Amino acid sequence: GLAASLRTASDIQAAMLPGDFATLGAVAGVEIHAKLLPAREVGGDLYDVFPLSDGHLCLLVGDVSDKGVPAALLMAMTQTAIRAAAERSVEGGGPPGPSEILAEANRMLCRNNPQAMFVTLFLAIWDASNHRLRYANAGHNPPRRYRTGESWEPLSVQANIALGVLPDQAFGTEETRLDAGEALLLYTDGITEAMNPAGAAYGVRRLDAALAASDRRHPSRVVNNVLADAARFSDGAPQSDDMTCLAMVVA
């Protein structure tokens with residue numbers, strides 16, 4: 001019946017997400033871990049990590065506007081569109097940058113979006129040879145970054161608009177440097193908007209406190225600590241949105 005079909009869909013969705021973080025990160029001189037907790041059997045959050053043809057590492061987190069089966073279908077389409085866009089070579093023969101990947105994926109999603117759903121998404125490309133992180137944003141909440149000797153803070157990002165809205169939307173590429181021991185957390189607003197029984201939201205301040213209390217040398221501990229802290233805060237209130245985070249620590 002329907003329950004079995006949803007379980008199957010959930011298994012398929014989980015299988016689309018990368019799991020071999022050790023191999024993916026080792027090649028790029030980083031450690032990575034990510035986890036997605038859907039609010040229902042299937043969800044609209046996504047994360048992905050994959051190498052580009054030049055050996056750089058592409059990482060992203062996204063959040064579809066809807067929930068349930070329609071959101072899960074658009075999540076799968078988005079992941080496919082991003083990977084297809086990343087595999088096209090630009091003039092000069094190299095792989096495209098973050099803004100080109102988002103622009104191409106956005107065109108694909110605008111062509112095939114009868115429900116008028118949209119996807120917020122943050123995408124970054126990591127170059128281990130010069131410790132450069134280039135990134136572009138499509139309406140997603142800014143990641144948190146840790147600089148040596150400082151606290152966790154928001155990464156400076158352009159807001160832009162979500163994917164799937166305007167076919168000709170341009171997305172600017174920005175960049176920063178991450179040195180050894182520095183870290184990045186991409187997440188969806190299912191975490192910061194998690195509610196407790198009194199109707200208060202978890203919020204960015206609690207997120208930063210959970211990050212500060214995490215052992216940032218191990219991205220799996222960062223991810224698990226944030227998700228556990230949000231669950232403790234929710235105190236049994238039903239999870240209303242998918243919760244996803246992806247942590248990267250420079251080795």
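**Asp208 and Arg144**

I looked up Asp208 first and found it buried, with a relative accessible area of 18%. The cut-off for buried is under 20%, so Asp208 qualifies. I keep in mind that this is a predicted model. Asp208 forms a salt bridge with Arg144, and their closest N and O atoms are 2.7 Å apart. I placed Asp208 in helix α6 (residues 203–212) and Arg144 in strand β6 (residues 144–146), so the pair ties together parts 64 residues apart in sequence. Arg144 is buried too, at 7% relative accessible area.

**Other salt bridges**

I searched the whole structure and got 10 salt bridges. I picked out Glu104 and Arg88, whose side chains meet at 3.1 Å, N to O. Glu104 sits in helix α4, and Arg88 in the loop between α3 and α4, 16 residues apart. Is Glu104 buried or exposed? I read a relative accessible area of 12% for Glu104, which makes it buried. Arg88 is partly exposed at 49%. I also noted a salt bridge between the side chains of Arg217 and Asp215, at 3.0 Å, N to O. Arg217 counts as exposed, with 60% relative accessibility. Salt bridges with shared partners join Arg88, Glu104 and Arg107 into one network.

**Helix α4**

I checked the length of α4 (residues 98–111). Its 14 residues should span 20 Å at 1.5 Å a residue, and its end C-alpha atoms are 20 Å apart, which agrees. How many of its residues are buried? I found 10 of the 14, so I call α4 mostly covered. Among them are Pro98, Ile101, Leu102, Met108 and Leu109. I then looked for what covers these buried residues, and the cover includes α3 (68–87), β4 (119–127) and β5 (132–138).

**Strand β5 and its partners**

I moved on to β5. Six of its seven residues are buried. β5 pairs with β4 in the antiparallel sense over seven bridges. Within this pairing, I matched Ala124 with its bridge partner in β5, Tyr135. The two strands form a hairpin with four residues between them. In the turn, His131 has a positive phi of about 60 degrees. I then followed β5 to strand β8 (residues 174–177), which it meets antiparallel through four bridges. Here Arg132 stands opposite Arg177 in β8.

**A surface patch**

Last, I looked at the surface. I found a nonpolar patch formed by Phe118, Ile161, Val165 and Leu166, with about 310 Å² of accessible area together. Phe118 lies in the loop between α4 and β4. I put Phe118 down as partly exposed, at 37% relative accessibility.

Terms used: Residues are numbered from 1 along each chain as its sequence is written. This is a predicted model: local features need pLDDT of at least 70, side-chain atom pairs count only at pLDDT 80 or more; totals for chains, interfaces and linings use all residues. Side-chain values use heavy atoms; hydrogens and water are left out. The expected span of a helix is 1.5 Å times one less than its number of residues. Buried means under 20% relative accessible area, exposed over 50%, partly exposed in between (1.4 Å probe, protein chains only). Contact means heavy atoms within 4.5 Å. Two strands pair if DSSP finds at least two bridges between them. Patches are made of residues with over 30% relative accessible area and no salt bridge: like charges are joined within 9 Å, nonpolar side chains (Val, Leu, Ile, Met, Phe, Trp, Tyr) within 5 Å. Accessible areas come from the Shrake-Rupley method with a 1.4 Å probe; for residues, only the protein chains shown count as cover. A salt bridge is a side-chain nitrogen of Lys or Arg within 4 Å of a carboxyl oxygen of Asp or Glu.
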